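Welcome! Please take a moment to look over the sequence and the 3D view before reading on.

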There are 2 protein chains.
Amino acid sequence: MNTLSYGLLSLLSKDSRTGYELMQHIQPFWPAKHSQIYPLLALLEQKGYVEFVHVLQSDKPDKKVYSLTEIGLKALQEWIGLPTDPPVTRDEFALKVYCIGLVNKAEAMRMLLERESYYIGKKERYMESYERVKGQSEKPLEELEIHDPMFGNYVLVRKAVLKVDADLLWCEWMKSKLK
Amino acid sequence: MNTLSYGLLSLLSKDSRTGYELMQHIQPFWPAKHSQIYPLLALLEQKGYVEFVHVLQSDKPDKKVYSLTEIGLKALQEWIGLPTDPPVTRDEFALKVYCIGLVNKAEAMRMLLERESYYIGKKERYMESYERVKGQSEKPLEELEIHDPMFGNYVLVRKAVLKVDADLLWCEWMKSKLK
DNA sequence: TACATATATGTCAATTGTGACATAACGAGG
DNA sequence: CCTCGTTATGTCACAATTGACATATATGTA
């Protein structure tokens, strides 16, 4: 069982979801395409870690709603205690920045502004997530504690916002360097 | 030609390096093992983008020092202008945090402290890089501009420090949540 | 009318990346 | 003396991931 499989179990521990929804929601922490998710879900179902019900829809295609089983929950709990791999980031832009002296200031500024607007868009989406979490929570977010069902969502949105703020801060600083 | 290949050219645009050194220096932005680097270097050499000289060493194993060729430089310059893929991060810890409510506060705190010390170690190494860059630069770092050979190193260390500071800030904030 | 996008699931070939094996010499520690 | 870590290069089987293809319906757009 690979990390992505456990990631899917992790999402399913809160809510029953379709493969399509799992694919959408796991993106910020473990980007994966549907072509990777669907075969893994079939494997997880084979092993009895998840089960699904067919849900017929008239307006949209029918779907399979997956949920975590008892033994899936046990597997998930065991995995949490196991050693955790360090995060891995692959950043093509950073590779380009290393040799940015090969282009002129104007071109470098163009690239930087493009990257900055990418981060601005990301931050906007994270802020929308934050508002969604706030709307779904019964308590004020600051009062949530570890066993509250929204705790994970809350602290992860916070993590994402802090990181994108750091990226935006660097972009701002870089702009002053390229003036 | 994949992104990692261009990353190698990018590093070689500043200094001639061995495959082993390239493997070490590309880690922060594009983690790759030597088993991936060496075959790519052979391909790049076949295409004429890089060339190497054998350097015999008595105390350590002999090595191959690679450098960028004219046509390698041209390929690198073309790549810089091309659209840049967004950064990709895979974070197993974040997947665990999503369902952290499955374990008790003490266990969650243990995991968090472990992750925090990982980030502290990373920050220390980045600060060492910063000092190394400062030592190698002729001008004060604040005065470096885009065409200075140390500019890329300087702004990337700054980027790395800002990001790890954001991670540490989140850890600090999380500790207060788990008290 | 035609085309793009979103929902929804699935397969498969090709590419990318990992972990183990192989070799070899040095220095440090038990 | 033996093992471990570092330097240094290389191969190879396997696992993880991507991108294209396939299908179907609804909705919005040119």
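How many bridges join β1(A) to strand β3 of chain A? The count is 2, and the two strands, with β3 covering residues 63–68, run antiparallel. Keep in mind as you explore that this is a predicted model.

**The sheet in chain A**

That pairing belongs to an open sheet of 3 strands in chain A, ordered β1-β3-β2 and paired in the antiparallel sense. Its edge strands are β1 (17–18) and β2 (50–55) of chain A, each of which pairs on one side only. To find your way along β1(A), start at A:R17, whose bridge partner in β3(A) is A:Y66. On the other pairing, β2(A) and β3(A) are linked antiparallel by 6 bridges. A handy landmark there is A:H54, which stands opposite A:K64 in β3(A). In general, side chains of a regular strand alternate between the two faces of the sheet.

**Helices on the sheet**

Two helices of chain A that pack on this sheet are set side by side below, each with its angle to one strand.

| Helix of chain A | Strands touched | Direction compared with a strand |
|---|---|---|
| α1 (residues 3–12) | β1, β2 and β3 of chain A | about 90 degrees with β3(A) |
| α3 (residues 34–46) | β2 and β3 of chain A | about 115 degrees with β2(A) |

So much for the first sheet; let us turn to the other chain.

**The sheet in chain B**

Chain B also has an open sheet of 3 strands, with the order β1-β3-β2 and antiparallel pairing. Here the edges are formed by β1 (17–18) and β2 (50–55) of chain B, and each pairs on one side only. Strand β3 of chain B spans residues 63–68 and pairs with β1(B) over 2 bridges, again in the antiparallel sense. Within this pairing, look for B:R17, which has B:Y66 in β3(B) as its bridge partner. Helix α1 (residues 3–12) of chain B packs on the sheet and touches β1, β2 and β3 of chain B. The direction of this α1 makes about 90 degrees with that of β3(B).

**Domains of chain A**

Finally, step back to view chain A as a whole. Which residues make up domain 1 and domain 2 of chain A? Domain 1 takes in 3–81, while domain 2 takes in 92–177. Between the C-alpha centres of these two domains of chain A, the distance is 27 Å.

Notes. Residues numbered from 1 in each chain as written. Chains lettered and ligands numbered in written order. Predicted model: local features only at pLDDT ≥ 70, side-chain atom pairs only at ≥ 80, totals over all residues. Heavy atoms only, no water. Pairing = 2+ DSSP bridges. Helix = DSSP H or I, 4+ residues; strand = E, 2+ residues; numbered from the N terminus. Contact = heavy atoms within 4.5 Å. Axes fitted to C-alpha atoms, helices over the stretch in contact; angles between N-to-C directions. Domains from an automatic or database assignment.
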